[in-house]
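The following report looks at a single protein model, moving from its overall build to a few selected sites. Please keep the sequence and the coordinates at hand while reading.

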Amino acid sequence: MGCDIHLFTEIKVGGKWITHSVCHVPRNYELFGKMAGVRSDAKPIAAPKGMPEDAGELTRMYAKYWEGDGHNHSWFSGAEIAELEEWAQEVPWVGHFPESKLNWGYLFGNSWGGFERYPGERPEGVEDVRFVFWFDN
């Protein structure tokens, strides 16, 4: 049985976390190991932190749907996203779409890690960013 990831991008506006997008991330155990130590002996960027209690409404709805099958719930801060993006640039993509690089979309024209790397270019009103994710078998 395979393992898949469920990844949601969230932004914080007015003190509240809002689900920005639902990302399709192809199965990649090297990536899963780097993110949470799942299906790999890789040292993760951070140990799984659990589902944030203040997750966006849509993110919470999906997590509830996967209740029972979901595991290793976690989230990444802007700094951790930037670290993941840097790592992904150095690793050949291995997954269903080997010709493509890892891409979880953009935040107002910049990469998600760019929120941390380029604070002067942050969209007005966006206080913070994060990835919320978990896995299923």
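The text below treats the whole chain, then one helix, and then three individual residues.

**Overall build**

The model is a predicted one, and the protein in it contains 4 helices and 4 strands. Read from the N terminus, these elements follow one another in the order β-β-α-α-β-α-α-β. The C-alpha trace extends over about 45 × 35 × 25 Å along its principal axes. For 137 residues a compact globule would be expected to have a radius of gyration near 14 Å, and the protein, at 14 Å, agrees with that expectation.

Of the 137 residues, 43% are buried. Among contacts with a separation of 6 or more, 71% are between residues 24 or more positions apart. The protein presents an accessible surface of about 7,500 Å², and carbon and sulfur atoms contribute 51% of that area. There are 13 positive and 21 negative charges, and the mean positions of the two sets lie 2 Å apart.

**Helix 1 and its surroundings**

Helix 1 comprises residues 29–36, and because 6 of its 8 residues are buried, this helix is largely enclosed by the rest of the structure. The buried residues are Leu-31, Phe-32, Gly-33, Lys-34, Met-35 and Ala-36. Their cover includes strand 1 (4–13), strand 3 (70–76), helix 3 and strand 4 (126–136).

At the N-terminal end of helix 1, Asn-28 acts as a cap, with a side-chain oxygen placed 3.0 Å from the backbone nitrogen of Glu-30. Just after the helix, Gly-37 adopts a positive phi of about 70 degrees.

**Three individual residues**

His-6 belongs to strand 1, and with a relative accessibility of 14% this residue counts as buried, since the cut-off for that class is under 20%. When neighbours within four places in sequence are set aside, His-6 is in contact with Trp-66, Val-132, Phe-133, Trp-134, Phe-135 and Asp-136. With Asp-136 there is also a polar contact between the side chains, at 2.4 Å.

Ser-111 is located in the loop between helix 3 (78–90) and helix 4 (114–117). Ser-111 is likewise buried, its relative accessible area being 18%. Apart from residues up to four places away in sequence, Ser-111 touches Glu-85, Tyr-106 and Arg-117, and its side chain is joined to that of Arg-117 by a polar contact of 3.0 Å.

Arg-39 lies in the loop between helix 1 and helix 2 (57–65). Is this residue buried or partly exposed? Arg-39 has a relative accessible area of 41% and is therefore partly exposed. The side chain of Arg-39 forms a polar contact of 3.3 Å with the side chain of Tyr-29. Phe-76 is 37 residues away from Arg-39 along the chain, and the C-alpha atoms of these two residues are separated by 19 Å.

The side-chain polar contacts of these three residues are set out together below.

| Residue | Partner | Polar contact between side chains |
|---|---|---|
| His-6 | Asp-136 | 2.4 Å |
| Ser-111 | Arg-117 | 3.0 Å |
| Arg-39 | Tyr-29 | 3.3 Å |

Key: Residues are numbered from 1 along each chain as its sequence is written. This is a predicted model: local features need pLDDT of at least 70, side-chain atom pairs count only at pLDDT 80 or more; totals for chains, interfaces and linings use all residues. Side-chain values use heavy atoms; hydrogens and water are left out. Helices (H or I, at least four residues) and strands (E, at least two) are DSSP runs, numbered from the N terminus. The radius of gyration is taken over C-alpha atoms; the globule rule is 2.2 Å times the number of residues to the power 0.38. Buried means under 20% relative accessible area, exposed over 50%, partly exposed in between (1.4 Å probe, protein chains only). Contact means heavy atoms within 4.5 Å. Accessible areas come from the Shrake-Rupley method with a 1.4 Å probe; for residues, only the protein chains shown count as cover. Lys and Arg count as positive and Asp and Glu as negative; His and the chain ends are not counted. The place of a charge is taken as NZ of Lys, CZ of Arg, CG of Asp or CD of Glu. A polar contact is a pair of N or O atoms within 3.5 Å; within protein, one must be able to donate a hydrogen and the other to accept it, and residues adjacent in sequence count only if both atoms are side-chain atoms.
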